[in-house]
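Here are a few exercises to work through with the model open beside you. Try each one before you read the solution.

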Amino acid sequence: MTADLGNEKRALRADLRQRRRSRTSTERDADAQSLTATLQRFVEERQITSVAVYLSAPDEPDVRPFLNWAFEQGIRVLLPVTREDGLLDWAVGDGTSEREGLFGMPEVVGEVLSPLAINDVDAILTPAAAVGHDGVRMGWGRGYYDKTLGSMAKRPPVYAVVFDAEYLVEVPREAHDEPVDGIITPSRIITFRS
């Protein structure tokens, strides 16, 4: 990674993190409702019966109401469990049990499945800091999803979940940055590639 590119990513992440933290509770609640409806539409239109998602942290787009709905619908939900080696294991979510994982992120408690368990889902929903119009996803810098997605020979469709303002014309890209197939925001679903 060139120093300039690293600095550009750090600056953009800091700006995005600050924007997320300055959102009002009213904005957060409205976005959570809209995002839940958009995620439900995504699942219903594609007849998804199993999905890999994540437990959202307080500043992230709130996928928790969607998760509750998915559990009620009998959709099989895999949630990530971070490992020291930079890979993700997966566990089947039940909607109730979680703990603080590495880096203070919320994680599911349950039977841990291997990193390969994600191969069998109908879609993967990832967190992101921002996504460019070309499908380049910029995460928060730890590389868990880039490693996971980059190691998959054949992967299900991958959609990053971001706020509307985090769909940018362009984001800085390094060789290891894995593109996504689309984005889901509170107001829309955009597919880049199928």
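Two strands count as paired if DSSP finds at least two bridges between them. Keep in mind that this is a predicted model.

**Exercise 1. Work out which strands pair with strand 7, and in which sense.**

Solution.
- Step 1: Start with strand 1, residues 50–52. Strand 1 and strand 7 share 2 bridges and run parallel, and 2 bridges meet the cut-off of at least two.
- Step 2: Pin that pairing to residues: V51 has A123 of strand 7 as its bridge partner.
- Step 3: Now try strand 10, residues 158–161. Strand 10 is joined to strand 7 by 4 bridges, again in the parallel sense.
- Step 4: Find a residue pair here too: L125 is bridged to Y159 in strand 10.

**Exercise 2. Extend the picture to the whole sheet: what is the strand order, and which strands stand at the edges?**

Solution.
- Step 1: Go from strand 1 to strand 2 (residues 76–82). These two run parallel and are joined by 3 bridges, with A52 opposite L78.
- Step 2: Put the strands in order. The open sheet has 8 strands, reads 6-3-2-1-7-10-12-13, and its pairing is mixed.
- Step 3: Look at the ends. Strand 6 (112–113) and strand 13 (189–191) each have a single partner strand, so one side of each lacks a neighbour in the sheet.

**Exercise 3. Are the two faces of strand 7 covered or open?**

Solution.
- Step 1: Count over residues 123–127: 5 of the 5 are buried.
- Step 2: Split them by side. A123, L125 and P127 lie on one side, I124 and T126 on the other, and all are buried.
- Step 3: Conclude that both faces are covered.

**Exercise 4. Check the length of helix 2, then find what its buried residues pack against.**

Solution.
- Step 1: Helix 2 covers residues 25–45, which is 21 residues. At 1.5 Å a residue the span should be 30 Å, and the end C-alpha atoms are 30 Å apart, so the two agree.
- Step 2: List the buried residues: D31, A32, L35, T36, T38, L39, F42 and V43.
- Step 3: Recall the helix geometry. With 3.6 residues a turn, residues three or four places apart point the same way.
- Step 4: Name the partners. The buried residues of helix 2 pack against helix 3 (64–72) and strands 7, 10, 12 (182–184) and 13.
- Step 5: Glance past the end of the helix: just after helix 2, Q47 has a positive phi of about 50°.

**Exercise 5. Which ring does R23 lie over?**

Solution. R23 sits over the face of F163, 3.9 Å from the ring centre.

Technical notes:
Residues numbered from 1 in each chain as written. Predicted model: local features only at pLDDT ≥ 70, side-chain atom pairs only at ≥ 80, totals over all residues. Heavy atoms only, no water. Buried < 20%, exposed > 50% of the residue type's maximum accessible area, 1.4 Å probe, protein only. Expected span 1.5 Å × (residues − 1). Contact = heavy atoms within 4.5 Å. Lys NZ or Arg CZ within 6 Å of the ring centre and 35° of its normal.
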